[in-house]
Amino acid sequence: MNQRDVVFPPGRQALYERNRYSPAIRSNGFLFVSGQVGSRDDGTPEPDLQAQVRLAFRNLQAVLAAAGCSFDDVVDVTVFMVDPAAKFEKIWQVVPEYWGEAPHPTLTAVGVTWLYGFDFEIKVIAKLPQAAEN
């Protein structure tokens, strides 16, 4: 098996090792980012919904930056929401703070019943900048 090219954001490697997954993997010109939640430094959920969403985006931003990427490099997004019928509008008020202007990446939103105590999770695929001209 080939060695995976793992990307760790600063200061969170122990959290990922404890949970036994990689935050992101570089492969074939892309960055595949694991689902990011609004976890505090100790791994616990941020209790306020919109603050949790912002923290999930900041955690995602840290992973992207560790690979030399930004939100502009994101091409595909998957979000998971607990009880989207009740929370979608409140969550979606936060999204423009990070995505900026159109055109936006592709998006799949999935309603779920459980996210390990969180209400929102976001995972992405980004084009690595050095591969952008390909």
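**Notes on the core and the strands around β4**

1. Let's start with the sheet: β4 and β6 run antiparallel and are joined by seven bridges. Strands here are DSSP E runs of at least two residues, helices are H or I runs of at least four, and both are numbered from the N terminus. Two strands pair if DSSP finds at least two bridges between them. One bridge to look up is Val-79, whose partner in β6 is Ile-122.

2. Before going on, a word on what you're looking at: this is a predicted model, where local features need pLDDT of at least 70 and side-chain atom pairs count only at pLDDT 80 or more, while totals for chains, interfaces and linings use all residues. Residues are numbered from 1 along each chain as its sequence is written, and side-chain values use heavy atoms, with hydrogens and water left out.

3. β4 also pairs with strand β5 (residues 106–112), this time in the parallel sense, over seven bridges. Val-77 stands opposite Leu-107 of β5. Seven of the nine β4 residues are buried, so the strand is mostly covered (buried means under 20% relative accessible area, exposed over 50%, partly exposed in between, with a 1.4 Å probe and protein chains only).

4. Now the core. The largest nonpolar core holds 28 residues, and Leu-31, Phe-57, Leu-64, Phe-120 and Ile-122 have the most contacts inside it. (Such a core is a set of buried Ala, Val, Leu, Ile, Met, Phe, Trp, Tyr and Cys residues joined through side-chain atoms within 4.5 Å.) Two or more residues come from each of β3 (30–37), α2, β4 (74–82), α4 (96–99) and β6 (120–127). Helix α2 gives the largest share, seven residues. There is also a second, separate core of five residues, including Val-37, Phe-80, Val-82 and Phe-118.

5. Ile-122 is worth clicking on. Leaving aside neighbours within four places in sequence, its contacts (heavy atoms within 4.5 Å) include Ala-56, Phe-57, Leu-60, Val-77, Val-79 and Trp-99.

6. Which residues does Ala-56 touch, not counting those up to four places away in sequence? They are Gln-36, Val-37, Gly-38, Phe-120 and Ile-122. Ala-56 sits in helix α2 and counts as buried because its relative accessible area is 0%.

7. Next door, Leu-55 is in the same helix, α2 (residues 49–66). Leu-55 counts as buried because its relative accessibility is 14%. Beyond its neighbours within four places in sequence, Leu-55 contacts Val-37, Gly-38, Ser-39, Arg-40 and Glu-46. Arg-40 is 15 residues from Leu-55 in sequence, with 7.8 Å between their C-alphas.
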